[in-house]
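User: Could you take a close look at the aromatic rings in this model and at what lies around them? A connected account would help me most, with the reasoning spelled out wherever a cut-off decides the matter.

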Amino acid sequence: MANAYLQGVEISASQFLDIFHHYDNDGNGYIEGKELQNFIKELQQARKQAGLELTDKMKAFVEKYEQNADGKIGIVEIFLTVQMAGTSNFAWRTYDADHSGYIEADELKNFLKDLLQRAKKPYDEKKLEEYTLTTLNIFDSNKDGKLCLSEMARLLPDQENFLLKFQGVKMARKEFNKIFELYDQDRNGYMDENELDALLKDLCEKNKKVLEVSKIPMYKSAIMALSDGGKLYRTELALVLCAEEM
């Protein structure tokens, strides 16, 4: 069935979900390793059988992952590939409109709406609602009807979901508060870029198996995207480093 869907010029939301589940054999929300290689092989075969060329987006995808047995991609990147769309960008503060620390259904819908618009892909309200519910069903691990930062990060292409790396260094609330107060050197209630930089350097030094020193600029840039005009408050940093709700 998935092979037949891949031959289509247009793919519905329900067909897309079938495709993703077909190749995500272990149900972890990614297509990776052998799953990824099977997807690429069958994508090429399906397009050939249908007499259709690979789109530019599909060609770029194949070139990127065909020889990469360790590749890992999430649902959005697969969506962009089979839907012949563009690329995505994500800023937590843009979509967490009420600053609750979660992306709720309406906020998630806005994220997906922006994704479709950037991709110049036509959609209607019914399809948008379907994608929103589908995304929640797959990534809302505790079924509370909203996505925390780590759940939302899994929606992003692998190069953008670095926030998942911080799952291995998250700490209890008490320890997090001590850390925040230690690195908030001027005691003004928030961290600036220099204070965050010092914290990240120490975290990378203590967690070399998880975090990479060479990627500190990327970590810092993305974490500061959670800030309020360059002021990274305790509750915002807690989204990344605290294992408990603040």
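Analyst: K146 lies over the face of Y102, at 4.2 Å from the ring centre, and this placement, like everything that follows, is read from a predicted model.

From a charge over a ring we can turn to rings beside rings, where a search of the whole structure finds four aromatic pairs. One of them is formed by Y23 and F39, whose ring centres are 5.2 Å apart and whose planes meet at 80°. Because planes over 60 degrees apart count as edge-to-face, the pair of Y23 and F39 is given that name. It also links distant parts of the chain, since Y23 belongs to helix α2, which covers residues 13-23, while F39 belongs to helix α3, which covers residues 34-49, and the two residues are 16 apart. Both partners are shielded from solvent: Y23 is buried because its relative accessible area is 2%, and F39 is buried because its value is 0%.

A second pair, made by F176 and F180, has a tilted arrangement, with 6.3 Å from centre to centre and 40° between the planes. The angle is neither under 30 nor over 60 degrees, and therefore the label is tilted. Here the partners sit in one helix, α10 (residues 173-183), and because they are four residues apart in it, F176 and F180 are separated by about one helical turn. F176 is buried, as is F180.

In the same part of the sequence a record can be set beside the model. An unreviewed UniProt entry carries the annotation "domain: EF-hand" for residues 11-46, 83-118 and 171-206. Over residues 171-206 the predicted chain is 69% helix and 6% strand, with its end C-alpha atoms 13 Å apart. A172 lies in the loop between α9 (149-153) and α10, and it counts as partly exposed because its relative accessible area is 36%. Although A172 and C242 are 70 residues apart along the chain, their C-alpha atoms are separated by 6.0 Å, and A172 touches both C242 and E244 when residues up to four places away in sequence are not counted.

Helix α13, at residues 234-241, is largely enclosed by the rest of the structure, because six of its eight residues are buried. The buried residues are E236, L237, A238, L239, V240 and L241.

Another approach between parts separated in sequence concerns helix α3, which holds N38. N38 counts as partly exposed because its relative accessibility is 27%, and its C-alpha atom is 9.9 Å from that of E66, a residue 28 positions away in sequence.

The loops add a point about the backbone. Most residues other than glycine have a negative phi. K143, which is not a glycine, nevertheless has a positive phi of about 55°, and it lies in the loop between α8 (125-139) and β4 (146-147). R187 likewise has a positive phi of about 55° without being a glycine, and its place is the loop between α10 and β5 (190-191). K143 is exposed because its relative accessible area is 57%, and R187 is exposed because its value is 59%.

For the cysteines, the structure holds zero disulfides. C148 counts as partly exposed because its relative accessibility is 23%, whereas C204 is buried because its relative accessible area is 0%.

These details belong to a protein chain with 13 helices and six strands, in which buried residues make up 46% of the 246 residues. Among contacts in the chain with a separation of 6 or more, 58% are between residues 24 or more positions apart. The chain exposes about 12,400 Å², and carbon and sulfur atoms supply 48% of that area.

To return to the rings, the pair of Y23 and F39 links distant parts of the chain, whereas F176 and F180 share helix α10, and K146 over the face of Y102 places a lysine against an aromatic ring.

Technical notes. Residues numbered from 1 in each chain as written. Predicted model: local features only at pLDDT ≥ 70, side-chain atom pairs only at ≥ 80, totals over all residues. Heavy atoms only, no water. Phe/Tyr/Trp six-rings, centres within 6.5 Å; stacked < 30°, edge-to-face > 60°. Buried < 20%, exposed > 50% of the residue type's maximum accessible area, 1.4 Å probe, protein only. Lys NZ or Arg CZ within 6 Å of the ring centre and 35° of its normal. Contact = heavy atoms within 4.5 Å. Areas by Shrake-Rupley, 256 points an atom, 1.4 Å probe, with all protein chains shown as cover. UniProt positions renumbered as here; feature names shortened; annotations may be inferred. Disulfide = S-S within 2.5 Å.
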